[in-house]
Amino acid sequence: GKLTVFMAAIWIMLMHYLDFRSSKLALASVITLGIGLWMMLGLMSITNHRLNFMNLVILPILLGFGVSHGLYLLHLFLEGTSPLVALRSVGAAVASSTLTAIAGFASLFFASHNGLKSIGYVACLGLFTTLVVSFTVLAAVLQLIHDKREDHASLPAHDSHHEPLAK
C-alpha cells in the first residue's frame with residue numbers, strides 16, 4: 001500500500017511537471033490533493049473512522065477529483081486571469097461537479113452494509129475537504145503568485161543609460 005501511494009504521488013507530480021514545465025507550478029497544482037487528503041485523514045481520526053479494505057477503493061477517485069480541482073483553477077489562472085476571476089469562472093463548475101458526486105456517494109449512508117457506508121463516508125469527506133482546500137488554500141497561493149507577478153510588472157525597468165541626477 002505504501003509503495004503504491006508513493007508511486008502514484010511520483011506519477012502525478014511527473015505528469016504535472018510535464019504539463020506546466022515548472023516544479024513550482026506542479027507543486028501548486030497538487031496542493032488541493034495533498035492538504036485535502038491530510039484534512040480527510042485528520043477528520044477521520046477525530047471521528048474514529050479508519051481506512052479499511054472496503055473504503056480504500058475510493059482513494060483513486062479522490063486522487064482524480066483532488067487533482068482536477070487544482071488543475072482547472074491553475075490553468076485558467078495561467079491564462080492571465082486573477083485568482084478571483086479564475087474562481088468565478090471555474091469555481092462554480094468545480095463546486096457543482098464535486099457536490100453532485102458528494103450527493104451520489106452520500107446515498108451510500110443508507111446502505112445496510114457497513115462497508116458501503118464506510119465508502120460513502122470517506123468519499124464525501126475526501127471530496128468535501130479537497131473542495132474546501134481548492135477554494136481557500138489554493139486560492140491564497142494563486143493570490144500570492146498573482147501579487148508577486150503584479151509587483152514585478154509594476155517595477156520600472158532599469159535603464160543603464162540614464163543615471164539619476166545627483167542632488
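## Overall dimensions

The radius of gyration is taken here over C-alpha atoms, and the rule for a globule is 2.2 Å times the number of residues to the power 0.38. For a compact globule of 167 residues this gives a value near 15 Å, whereas the chain has 20 Å. Along the principal axes, the C-alpha atoms fill a box of roughly 85 × 35 × 30 Å.

The model is a predicted one, in which local features need pLDDT of at least 70 and side-chain atom pairs count only at pLDDT 80 or more, while totals for chains, interfaces and linings use all residues. Residues are numbered from 1 along each chain as its sequence is written, and side-chain values use heavy atoms, with hydrogens and water left out.

## Helical architecture

The chain contains 7 helices and 0 strands. Helices (H or I, at least four residues) and strands (E, at least two) are DSSP runs, numbered from the N terminus. In that direction the elements run α-α-α-α-α-α-α.

Contact means heavy atoms within 4.5 Å. Among contacts between residues at least 6 apart in sequence, 73% join residues at least 24 apart.

## Surface, burial and charge

Buried residues make up 37% of the 167 residues in the chain; the term means under 20% relative accessible area, with exposed being over 50% and partly exposed in between (1.4 Å probe, protein chains only). The accessible surface of the chain comes to about 10,500 Å², and 70% of this surface belongs to carbon and sulfur atoms. These areas come from the Shrake-Rupley method with a 1.4 Å probe, and for residues only the protein chains shown count as cover.

The chain carries 9 positive and 7 negative charges, whose mean positions are 19 Å apart. Lys and Arg count as positive and Asp and Glu as negative, while His and the chain ends are not counted. Each charge is placed at NZ of Lys, CZ of Arg, CG of Asp or CD of Glu.

## Helix α5

Helix α5 spans residues 83-106 and has a kink of about 45 degrees centred on Val 90. The bend at a residue is the angle between axes fitted to the seven residues ending there and the seven starting there. Val 90 is also one of the buried residues of α5.

The other buried positions in α5 are Pro 83, Ala 86, Gly 91, Val 94, Ala 95, Thr 98, Ala 101, Ile 102 and Phe 105. An α-helix has 3.6 residues a turn, so residues three or four places apart point the same way. The cover over the buried residues of α5 includes α4 (59-78), α6 (114-135) and α7 (137-154).

## Two loop residues with positive phi

Most residues other than glycine have a negative phi. Arg 21 is not a glycine, yet has a positive phi of about 55 degrees. Arg 21 is found in the loop between α1 (2-20) and α2 (23-29), and is exposed, with a relative accessible area of 60%.

Asn 48 likewise is not a glycine and has a positive phi of about 60 degrees. Asn 48 is found in the loop between α3 (31-46) and α4, and counts as exposed at 61% relative accessibility.

## Selected helix positions

Two residues of helix α2 may be described together. Leu 25 is in this helix and counts as buried at 17% relative accessibility. Not counting residues up to four places away in sequence, Leu 25 touches Phe 20, Leu 74 and Leu 78. Ala 26 is also in α2 and is buried, with a relative accessible area of 1%. With the same exclusion of residues up to four places away, Ala 26 touches Met 13, His 16, Tyr 17 and Phe 20. The C-alpha atoms of Ala 26 and His 16, 10 residues apart along the chain, are separated by 4.9 Å; those of Leu 25 and Met 15, 10 residues apart along the chain, are separated by 12 Å.

In helix α3, Met 40 is buried, with a relative accessible area of 1%. Leaving aside neighbours within four places in sequence, Met 40 is in contact with Leu 59, Leu 62, Val 122, Leu 125, Gly 126 and Thr 129. Met 40 and Thr 130 are 90 residues apart in sequence and 8.4 Å apart in space, C-alpha to C-alpha. Pro 60, by contrast, lies in helix α4 and is exposed, with a relative accessible area of 53%. The C-alpha atoms of Pro 60 and Val 5 are separated by 10.0 Å, with their positions 55 residues apart along the chain.
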